[in-house]
Amino acid sequence: MEHSNQTPTVEFFIMGFSNYPQLQSMFFTAFLLIYLLAISGNLLIITVIYSDTHLHTPMYFFVVNLALLDICFTTSIIPNILVILLSETKSMSYWNCMTQMFLLSAALGSELLLVTVMAFDRYVAICKPLHYPVIMSRPVYLSLAAAVWWLGILNSLLDVGLVLKLSFLEKTILEHIFCEIPAVSKAAVSDTNAIDRATMVADIFLGMICFVLIFITYAYIMSSIVNIHSATSKRKAFCTCASHLLVVNLLYGTTIYTYILPAIGFKGNNNKVVSALYAAVCPVFNPMIYSLRNQDFETSF
C-alpha cells in the first residue's frame with residue numbers, strides 16, 4: 001500500500017466498534033437515542049429562554065449559546081457514527097473526515113471558551129452585583145459571545161489546515177469512533193511535528209489556562225457566597241454555580257484526558273469511551289443540569 005498525497009483518493013476506515021459486531025444494533029440504538037435527547041433537550045432550553053422575557057439576561061444568553069454549541073457538537077459527530085454503524089465497510093471519505101474534524105474542533109474550542117466566560121459572568125454577578133449591569137452590558141456580553149465563536153472557528157481552521165498538509169495511506173485505519181485531530185494525526189504517514197505543536201499550544205490556552213482561570217474565579221465566588229447573610233440568596237447563588245461547575249467538570253475532565261494528557265506523553269486506554277462521553281453524553285446532560293433545581297426554569301414551564 002503506497003503513500004498518497006492525492007487527498008480525494010484517501011479513505012478512512014472508522015474501526016471504533018468493529019470489534020463488537022454483535023453489538024452494532026445496540027450501539028446504533030444508544031447513539032440515536034442520545035442524539036434525539038441532546039437535540040430535543042437543547043432546543044427546549046433555547047425555546048424556554050427565548051419565550052420568557054424574565055430569562056433575557058446575560059447568564060441565560062450564554063446558556064443559549066452553550067445549547068447551540070451542543071447541537072453543533074452532536075450533529076457534527078453522531079449522524080456520521082450512525083451511518084458508520086449501518087455501513088459494512090465502516091469507511092468515510094477524506095473530505096467528510098476533514099469536515100467533521102473542523103466542526104468538532106470549532107464547537108469544542110468555542111465551548112471551552114464559553115464556560116470560562118460563563119464563570120466570569122457568575123463572578124461579576126455574585127462578587128460585584130452593583131456593577132453587574134455596567135460590566136455585563138448588552139454590547140459586552142454580545143462581544144464576548146462573538147469572540148468565543150470566532151476564536152473557536154479560528155483555532156479549528158489553523159489546526160485542520162495543518163492536518164490537510166499531512167499524508168495518509170490510500171486506505172487509512174482510524175482506531176476511533178469519529179475523526180478528531182489526535183486520532184487522525186496519529187494515523188498520518190508524514191511528519192506531524194507542526195500539528196503536534198499547534199495542538200499543544202491550543203491545549204495550553206483552551207485547556208489549562210482557561211481551566212485555571214475558572215478555578216481561580218470560583219475560589220473568589222465561593223468566598224463571596226460564604227459571606228452572604230441571606231440563606232435564600234446563598235442557596236440560589238450556590239445552585240447556579242453548582243450547575244456551571246458540573247458542566248465544567250464534565251467538559252474539561254473528558255477533554256483533558258483526550259487532548260492534553262496525550263500531548264504530554266500519557267497514553268490512555270479508553271480514548272474511545274472518553275471521547276464518546278464529551279461528544280455525546282455532555283450535550284445531553286447540559287440541559288438537564290441547567291434546568292433541574294433551577295427556579296427560573298421551573299417558573300417558565
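Here is a short walk through the nonpolar cores of this predicted model and one of its helix pairs. Local features need pLDDT of at least 70 and side-chain atom pairs count only at pLDDT 80 or more, while totals for chains, interfaces and linings use all residues. Residues are numbered from 1 along each chain as its sequence is written, and side-chain values use heavy atoms, with hydrogens and water left out.

Let's start with the largest nonpolar core (buried Ala, Val, Leu, Ile, Met, Phe, Trp, Tyr and Cys residues joined through side-chain atoms within 4.5 Å; buried means under 20% relative accessible area with a 1.4 Å probe, protein chains only). This core has 61 residues, and Phe 31, Phe 62, Phe 178 and Tyr 278 have the most contacts inside it. Among the helices (DSSP runs of H or I, at least four residues, numbered from the N terminus) that each supply at least two residues are helix 1 (24-51) and helix 9 (271-291). Helix 2 gives the most, with 15 residues.

Now look at Phe 178: leaving aside residues up to four places away in sequence, its contacts (heavy atoms within 4.5 Å) include Ile 77, Leu 104 and Tyr 278. A second, separate core of 20 residues includes Val 10, Val 163, Ile 181 and Ala 187.

Next, turn to helix 5 and helix 7, whose axes (lines fitted to C-alpha atoms over the stretch in contact) lie 9 Å apart at an angle of about 160°. That angle is why helix 5 is roughly antiparallel to helix 7 (over 145 degrees, on a scale from 0 to 180 degrees between N-to-C directions). Asp 159 and Val 163 of helix 5 are among the residues making the contact, as are Ala 198 and Leu 206 of helix 7.

Key
Buried means under 20% relative accessible area, exposed over 50%, partly exposed in between (1.4 Å probe, protein chains only). Angles under 35 degrees count as roughly parallel, over 145 as roughly antiparallel, 65 to 115 as roughly perpendicular and the rest as oblique.
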